[in-house]
Amino acid sequence: MTPTRGRGILDVPGLALGHAGTLTRDRLTGVSVVLPPTGSTIGVDVRGGGPATHETDVVSPTAHGYGADAIVLTGGSALGLRSVSGVCDALAEVGRGFPAPGLDDAVVPLVPAAAIYDLGRGSGEVAPPTIAEGAEAARAALTGVGTGDQGAGTAGRAGTASDQGVSTDVRGSIGVGLGARAGMQTLRSSLGSVSVPVPGGYTVAALVVANPFGTIGTGQGDLWGGALLAEVGWDLPPLPALPAPDPLAAASARNTTLAIVATDARLDTAQVSCLAFGGHPGIARAVRPSHTLFDGDTVFAIATGEVPLPEDRGQAAADLVALTAAAADAITLAILDAVVSAAPLEASWGQPPTLSDIAPEFVAAFSALP
């Protein structure tokens, strides 16, 4: 069944998404928030040698099973995890959270999070996402209405990007994707999202901020994920040579790819954890090398529970395998979507090129995919 870009992760009913951040010459960073429907099961799998995470243990299969009130992807490395406090504040304001035992009307929002490394990618200053930006992104998700910077094209070559933009879009240079780079920082990247229909009536979708140490392809323009593009029928023009990473600069690169994979299937906490770790091969297929000492690659998983697995145990197991395979496919394609969707910037900004600068025909064809 053919994957689609379209609404990306929002093809899974009940999810909400919001972003906040800054895209200026001096500061390129932000935060993105996904709100799962009440009753969703949540999983996570963290790999690589440099993770920056918050409260991931709360969604372990051995935890109490409440789930999560939001999942946060943020820039700023470990410093950016402070934006989670703003998300918690915004959720508590509307009563979304774990009921505080013995305290009437008090809630404690449970918010797992992970961060990419994008510090200094504007003026060189350490300016990670703030508590206020976390609250802005959460409120954008809660209302479903974004204002300000609304997508990948708004930065423009004239450098007219909005400051403190808030958005509810699913891809481009928004939120956590504002300062993302790929290929040992040789390409600008961003946020990408793809959904995959799965036999049995399920949908699996991924939201990915692609900020990998590794490259998406070779110096000859061959994509590591090219075989999957051919398999799903995405016929695209050939790529020219991709920028060659500088081996001497490689050790200074700090990166990380983060993903949220979601499905409408009804999964228990162990099964949704399987969905999370089953998504990691999607990173490895799109990026080489992946899960390095310089990456803290993390995949969260959400199962909203609308579509039950079959009662037959064998068929249920087969469907779970299909769901995890689709998670990997969605992540691979969303990584490519993220690199394609990065906003080109004026040369005076001093940023790496985008794929649209290097391969406009490829980007135009990819962007025209439904």
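This is a quick run through the pockets in this structure, and how far to trust the model around them.

Okay, so first off, what we have here is a predicted model. The protein chain averages a pLDDT of 91, and 92% of the residues come in at 70 or above. There's one stretch to flag, though: over residues 145–164 the pLDDT drops below 50. That stretch does make 56 contacts in the model beyond its near neighbours in sequence. But where pLDDT is low, the predicted coordinates shouldn't be read in detail.

Right, pockets. Roll a probe the size of a water molecule over the atoms and you see where empty space is left. The largest pocket holds about 200 Å³ of space. So what lines the largest pocket? You've got M1, T2 and P3, then V196, P197, V198 and P199, then E231 and V232, and finally A322, A326 and D329. In terms of elements, strand 12 (191–198) and helix 6 (313–340) are the ones giving two or more residues to that lining. By class, the lining splits into nine nonpolar residues, one polar and two charged.

Now the second largest pocket, with about 170 Å³ of space. Its lining has 13 residues, and nearest the centre you find G226, L229, W234, L236 and P237. Which element gives the largest share of that lining? Helix 4, residues 226–231, with three residues. The class breakdown for the second largest pocket is nine nonpolar, two polar and two charged.

One last thing, if you're following along on screen: E231 is in the lining of the largest pocket, and helix 4 covers residues 226–231. That's me done, thanks.

Terms used: Residues are numbered from 1 along each chain as its sequence is written. This is a predicted model: local features need pLDDT of at least 70, side-chain atom pairs count only at pLDDT 80 or more; totals for chains, interfaces and linings use all residues. Side-chain values use heavy atoms; hydrogens and water are left out. On a 1 Å grid over the protein atoms alone, a cavity is a set of points where a 1.4 Å probe fits but cannot get out, and a pocket is an open set with protein on both sides within 12 Å along at least five of seven lines; lining residues have an atom within 4 Å of a point. Grid points are joined across faces, edges and corners, and a volume is the space filled by probe spheres set on the points. Helices (H or I, at least four residues) and strands (E, at least two) are DSSP runs, numbered from the N terminus. Ala, Val, Leu, Ile, Met, Phe, Trp, Tyr, Cys and Pro count as nonpolar, Asp, Glu, Lys and Arg as charged, and the others, Gly among them, as polar. pLDDT is the predictor's confidence in each residue, from 0 to 100. Contact means heavy atoms within 4.5 Å.
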